[in-house]
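The following explanation leads through a metal site and a pocket. Please keep the sequence and the model in view while reading.

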Amino acid sequence: MKIESPAMPYNFADLEPSISRDTLVFHFLRHQRVCFDRMLAMVRGTELELLSLTELIRVTERNPAQHVLYRYAAEVYNHDLYWNSMRPRGGGLASGLIAEHLRERFGSHERFVREFTDAASAQFGSGWLWLVWRAGTLEILTTSNAGTPLVRGDVPLLALDLWEHAYYLDHQNRRSAYVKAFLEELVNWDTASARLAEITAATETRVAARPRLAGEPVVRAAGGRMP
Ligand SMILES: [Fe+2]
């Protein structure tokens, strides 16, 4: 099996008081680990066992007969990015590479916060809120249930779990309070900047490898694809 067991990048109590230890314990062990174990049981002994997690997601999404497996695999991926989209004493204004692109796309931090918060409120029922890289710019979008933007060709930079199990113990049904805590106290902008830097590096490599036509301007890398 090429896919590694899920791991948290910090201790369960490290996000307190923004997210309680109990919430993270239940969330990691009773949700992501269960999805991982079920996914593993379904691929063991098949050719799917040889795929990476992102390959498995893309292959199973294309086949309706494999959508149960797709949902488990997508939930493993989504939660991996979610854990890494937060850090102890995170939140606040963005810095680094992601800050430049946020300014370019949204104009101000306040407008980004408004659009991100509005998108979370507009998502009916369980799902995910994403900041993604699409065709050379940032976009905010939501997916329902286990859906992941990977299968649309977008590059996820940050993920926020909108299932009630992510916030009910701490905020009951007040999703907006949870989104506020994520933005003000938890979000890890370094994750988004690092993923953007990977996209830029991958695109520059491809641009450099392609022969330039006579008279063609040198194009600064701005878009690309990465898992
Ligand atoms: Fe979750």
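Along the sequence, the residues that donate to the iron ion follow the spacing H-x51-H-x81-D-x3-H. His-27 belongs to helix 1 (residues 21-43) and Asp-161 to strand 3 (residues 155-161), so this pair ties together parts that are 134 residues apart in sequence. Helices (H or I, at least four residues) and strands (E, at least two) are DSSP runs, numbered from the N terminus. The model is predicted: local features need pLDDT of at least 70 and side-chain atom pairs count only at pLDDT 80 or more, while totals for chains, interfaces and linings use all residues. Residues are numbered from 1 along each chain as its sequence is written, and side-chain values use heavy atoms, with hydrogens and water left out.

The protein donors of the iron ion are His-27 (NE2), His-79 (NE2), Asp-161 (OD) and His-165 (NE2), at 1.9 to 2.1 Å from the ion. Donors are N, O and S atoms within 2.8 Å of the metal (3.2 Å for Na, K and Ca); water is not among the atoms, so sites may look incomplete. Both His-27 and Asp-161 are buried, that is, under 20% relative accessible area (1.4 Å probe, protein chains only).

His-165 also appears in the lining of the second largest pocket, as do Arg-30, His-31 and Trp-163, among others. A pocket is an open set of points on a 1 Å grid over the protein atoms alone, where a 1.4 Å probe fits, with protein on both sides within 12 Å along at least five of seven lines; lining residues have an atom within 4 Å of a point. Helix 1 gives the most to this lining, with five residues.

Terms used. Buried means under 20% relative accessible area, exposed over 50%, partly exposed in between (1.4 Å probe, protein chains only).
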